[in-house]
Amino acid sequence: MSFIGTWRDEIRIDQEAVAAYIGGELQPNAGAHSGRDWGPFDIQKEVIDLCPTECMWLEDGKLMINNRECTRCMHCINVMPRALRIGNDRGLSILVGAKAPILDGAQMGSLLVPFVKVEEPYDEIKEVIENVWEWWMEEGKNRERLGELIKRQGLAKAISVVGLKPMPQHVQEPRHNPYIFWKEEDVPGGWDRDIAEYRKHHQR
């Protein structure tokens, strides 16, 4: 399991520091690339155009961010650490299943818990770990790792084990790993259908 720090509120912006970066008063990347002359800092080219979700833009000289579209890649924060800082509502994301088998090659972890607060006595985090551990002990085959168990039984099973509801962050690729499987008790009337009644609502 991997635990990666994150936040879920808005990125904090210091517009004066943004202007200082644009004006050349502050060095981008905290001066890490100052060994040679890269030319003047271009916020459009080096920050805004490199945003993976295109959620940033300049408006009247001010940097604007659509935080709902932000994927927390932190590129902009790394380039302008004096101007941009992570939000105050902090926690962590939990990923599971990463491994590097010889035959299949490296396997990235799957996002299981998008956000959980890190607060003593850490009961929420412990509950996730214990539920996953118990599932792996019960369902895992001999010498089978957690990532292989998830691959065999599906991410939907792992999500249900920890008691979470599926959400968009769980989708790895559209139509690649479907994660919603209806249970009979969740469907009004169960699996049985009156064909005549069904056709009333689905006439061509």
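1. Glu134 has its place in helix 4, which spans residues 123-139. The model discussed here is a predicted one. Glu134 counts as exposed because its relative accessibility is 54%, and the cut-off for that label is over 50%. Glu134 also belongs to a negative surface patch, together with Glu119, Asp123, Glu124, Glu127, Glu130, Glu138 and Glu139.

2. Helix 4 also holds Trp133. With a relative accessible area of 53%, Trp133 is exposed. Trp133, Trp136 and Met137 make a nonpolar surface patch of about 370 Å².

3. A cis peptide bond links Glu120 to Pro121, with omega near 5°. Pro121 sits in the loop between strand 7 (110-117) and helix 4. Most peptide bonds are trans, and a reader checking the backbone may wish to look at this one.

4. Strand 3 (residues 56-59) and strand 4 (residues 62-65) pair in the antiparallel sense, over four bridges. Within this pairing, Trp57 has Met64 of strand 4 as its bridge partner. Glu59 stands opposite Lys62, also in strand 4.

5. Which side chains of strand 4 are buried, and which are not? Leu63 and Ile65 point to one face and are buried, whereas Lys62 and Met64 point to the other face and are not. In a regular strand the side chains alternate between the two faces of the sheet. Met64, the bridge partner of Trp57, is thus on the face of strand 4 whose side chains are not buried.

6. The hairpin of strand 3 and strand 4 has two residues between the strands, and Asp60 takes a positive phi near 55° there. Asp60 lies in the loop between these two strands. Its phi is positive although Asp60 is not a glycine. Most residues other than glycine have a negative phi. Asp60 is exposed, with a relative accessible area of 78%.

7. Arg72 is another residue other than glycine with a positive phi, here near 60°. Arg72 is found in the loop between strand 4 and helix 3 (75-79). Is Arg72 buried, exposed or partly exposed? Arg72 counts as partly exposed because its relative accessibility is 22%, and buried would require under 20%.

Methods
Residues are numbered from 1 along each chain as its sequence is written. This is a predicted model: local features need pLDDT of at least 70, side-chain atom pairs count only at pLDDT 80 or more; totals for chains, interfaces and linings use all residues. Side-chain values use heavy atoms; hydrogens and water are left out. Two strands pair if DSSP finds at least two bridges between them. Patches are made of residues with over 30% relative accessible area and no salt bridge: like charges are joined within 9 Å, nonpolar side chains (Val, Leu, Ile, Met, Phe, Trp, Tyr) within 5 Å. Accessible areas come from the Shrake-Rupley method with a 1.4 Å probe; for residues, only the protein chains shown count as cover. A salt bridge is a side-chain nitrogen of Lys or Arg within 4 Å of a carboxyl oxygen of Asp or Glu. Lys and Arg count as positive and Asp and Glu as negative; His and the chain ends are not counted. The place of a charge is taken as NZ of Lys, CZ of Arg, CG of Asp or CD of Glu. Buried means under 20% relative accessible area, exposed over 50%, partly exposed in between (1.4 Å probe, protein chains only).
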